[in-house]
Amino acid sequence: MVRRLSEDMVKGILGICAIFSIIIIFLIIIFLFREGLEAFSYTNVIDFVLGREWNPSKETFGAAAFIVSSLFVTVGAIIIAVPVGLLTAIFLAELSPQRVREVVKPAIELLAGIPSVIYGLFGLIVIVKYIRITLDQPTGESILAGSIILAIMILPTIISISEDSLRQVPRAYKEGSLALGATHWESIARIIVPSASSGILASIILGVGRAIGETMAVVLVVGNVEKLPTSFFDSGEPLTSTILLEMGEAAVGSPHYYSIFALGILLFLIVMVLNIVSNVWLGRGLKRG
Amino acid sequence: MDRYTKQTIMKGVLWASALITISFLVIIIGFIVYKGAPAISWEFLTEAPRRSGRLGGIFPAIVGTIYLAGLAVLVATPIGVGGALFLTEFSKESKFTRFIRFGADTLNGVPSIIFGLFGFAFLVYYMGFGISILSGGLTLAFMILPTVFRTAEEAIRAVPRWDKEGSYALGATKLQTIWHVVLPQSISGIVTGIILGLGRAAGETAPIIFTAAILNPVLPGSIMQPTMALPAHLYTLTSEGISMQNAFGTALVLIVMVLVFNLLVSLIRKKKALRR
Amino acid sequence: MVKMEVHDLNLWYGSFHALKDINMKVYKHKVTAFIGPSGCGKSTLIRCLNRMNDLISNVHVEGRVLLDDKNIYDKDIDVVNLRKRVGMVFQKPNPFPMSIHENITYGPKLHGKKKGLDELVEEKLKDAALWSEVKDILGQNAMDLSGGQQQRLCIARCLAVEPDVILFDEPCSALDPISTGKIEDLINELKRHYTIVIVTHNMQQAARISDYTGYFYLGELKEFNKTKKIFTNPDNPETERYITGKFG
Ligand SMILES: Nc1ncnc2c1ncn2[C@@H]1O[C@H](COP(=O)(O)OP(=O)(O)OP(=O)(O)O)[C@@H](O)[C@H]1O
Ligand SMILES: [Mg+2]
């Protein structure tokens, strides 16, 4: 009797631990929306999303420049990271001698472990300077600098998930291809990679989510100019940067404060949709594989 | 181009990509070490900063980071391991367990700046904890919870069934079995998750900047007070151009911490692999 | 006429000696069967005939395997071309996850064929006795076919690169009796144009379809003879014991 009772009690407590993540997500949603939705009593949603001007002193809040900047840096990061990441994943899954793999794998894990603010510092001192001096730009603090740094940061995500899905491709496909007189590379390009495509796509979507949500690395290198960027050499200010830079100046309960939370809602929704799509995708990919 | 030349070229490209990936790591770490080493001295590690960090050291930031990351792990570990036990030992695979896992994965994807906003609105303001170690530590705990949880789950799942059955066969209760068989066997995996979480908590900036970090170079007296922290200090030094030398010194300290954590994790994994 | 010849072939997986001094011949336009208990090295040997074992790390091969009097283990041999000439059908059907049409054209396209692909698909599917069942669904994913159909598709895919020799490693072990019958008939048909080597666990199957049979035991070729002889009056008493089921 007593044993059953205590077992049930333990089970209950552990159950609460198990759903803790979900509780936190709900709390995040509640608090983000509680503060953020308030902003839409000052600015309507459409003006907020499409408005070009963001001027807290005039209480004008249009986030278009931030949204476009976020998209710009992310697209740039993906353009750089996908080829390098996918090729590295193929290398690890198909080509790498065991000894080399034992070096490369931990290195990639370490790359994922470096704090983002250190990426920012590195980006500011090395990449920004390179763009300004070597590429002879008026300012090195640019979308391009942000893209490069983000690309390096999301490489581990793309590599590890892509490699896993490449490894899950049945050996029989590869053998079948080779037995027909295909070269190893032809088998990779025409059979193995297409068969792993859903996992690879999931890794890319996850990478996009990471890139859009990243703050510290980006804020130090993009210049933070509230203006619609038109080229990769322009400065920009992504959503995350604005939140970080302006939270400190906004008085709690002011329209500015609420608008910052509204930016948070925007960011949260974008990233959540990307993550959920990629997780569902990955789950399906695994089941079929 | 003939098929063999193409293959040779592509294999070259694959090697080159791997090399590029590795070189990013080598260059970043090499650069931080090269630039940061001159800043490191006994005084730098043991003294408080002076003139907003232009002079002096980073001691309060080191202490603050230990407090914050420590509190985060202290909170996240029981919840994470408890949740993992629930999934592995107390429930069958079902929609509900998948929902729990989905929740953890979703939480894991929330951007750190959102944790910052949430920590501010919920802990600092609504709960009234103020800008404090408590607020910052809890925010970080929420953030690393999925890491601890999923790693623990994997470790516990790896405990062989026959070991558990052996314990039941001796008349042990479920709780005794968990305590004497399951946890001891999965401890190294659980610790791995904790160290990974520790590393992440120590390096995150955005979540603590609104919830815990200040520039005031004093040691916190209680967890209800704010504190300095390494990543936030590094951010301030860099963004305001206060002292690049000290910024690199701080970065070096932070990176050494991360390296040590990673080393620990791989040591634990190696040891486990050997025992098998 | 001799198509392939194995001379003093030895193979090691690491330190494990899996094939010991194998000597045998594969005759042109005949069916050669390998039989023997599980783990005796049948798959290992058949995979030596198109060098599929190259894929496994830690494999060491000594000896010679001649294809039309040329050693396929020579340094200057083009393995890709070798595999085009010596095709292989595996134990488990392994169509690629793409359409039936694409499965068949995969090989020919690699080897540079661009025109007449539709005709080729029809011809090879007919040769593999699958055409009537799939002619209306060529665009459908090959994974949706039944196991037996998949295996015939794999045969058609192999025929499409026009090999001289086709290796079958237990092609029927994952199939039901009816599909098995179809494949056996097919093999009988194919030997008019191709040289065939088949590994099988099924003694009756070997007796039904093969012209020559090799009996393997623990990495050694215990006997190689005409199938009729092996099944009626083998030279080696061990072979007889295995065939009559008194083995063990
Ligand atoms: N990749 C490998 N590495 C190490 N040993 C192997 C490998 N492949 C096969 N072997 C060993 O070589 C021997 C021969 O294996 P093989 O697959 O050729 O047997 P088989 O006659 O085809 O058996 P079956 O009838 O079960 O298919 C076996 O003892 C097997 O364990
Ligand atoms: Mg076999």
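**Ligand 1 and the A/B interface**

Me: What makes the Lys42(C) side chain and ligand 1 a polar contact?

Reply: An oxygen atom of ligand 1 sits 2.9 Å from an N or O atom in the Lys42(C) side chain. A polar contact is a pair of N or O atoms within 3.5 Å, so this pair qualifies. Quick caveats: this is a predicted model, where local features need pLDDT of at least 70, side-chain atom pairs count only at pLDDT 80 or more, and totals for chains, interfaces and linings use all residues. Residues are numbered from 1 along each chain as its sequence is written, chains are lettered from A and ligands numbered from 1 in the order written, and side-chain values use heavy atoms, leaving out hydrogens and water.

Me: How do you know that Ser43(C) has a polar side-chain atom by ligand 1?

Reply: That atom lies 2.6 Å from an oxygen atom of ligand 1. For Tyr13(C), the side-chain N or O atom is 3.5 Å from a nitrogen atom of the ligand.

Me: Why is Arg269(B) with Glu109(A) called a salt bridge?

Reply: The rule asks for a side-chain nitrogen of Lys or Arg within 4 Å of a carboxyl oxygen of Asp or Glu. Here the closest N and O atoms are 3.3 Å apart, so the pair passes. Chains A and B have two salt bridges between them.

Me: What makes chains A and B partners in contact?

Reply: Contact means heavy atoms within 4.5 Å, and 77 residues of chain A are in contact with 75 residues of chain B.

Key. Polar contact = N/O pair within 3.5 Å; in protein donor to acceptor, adjacent residues only side chain to side chain.
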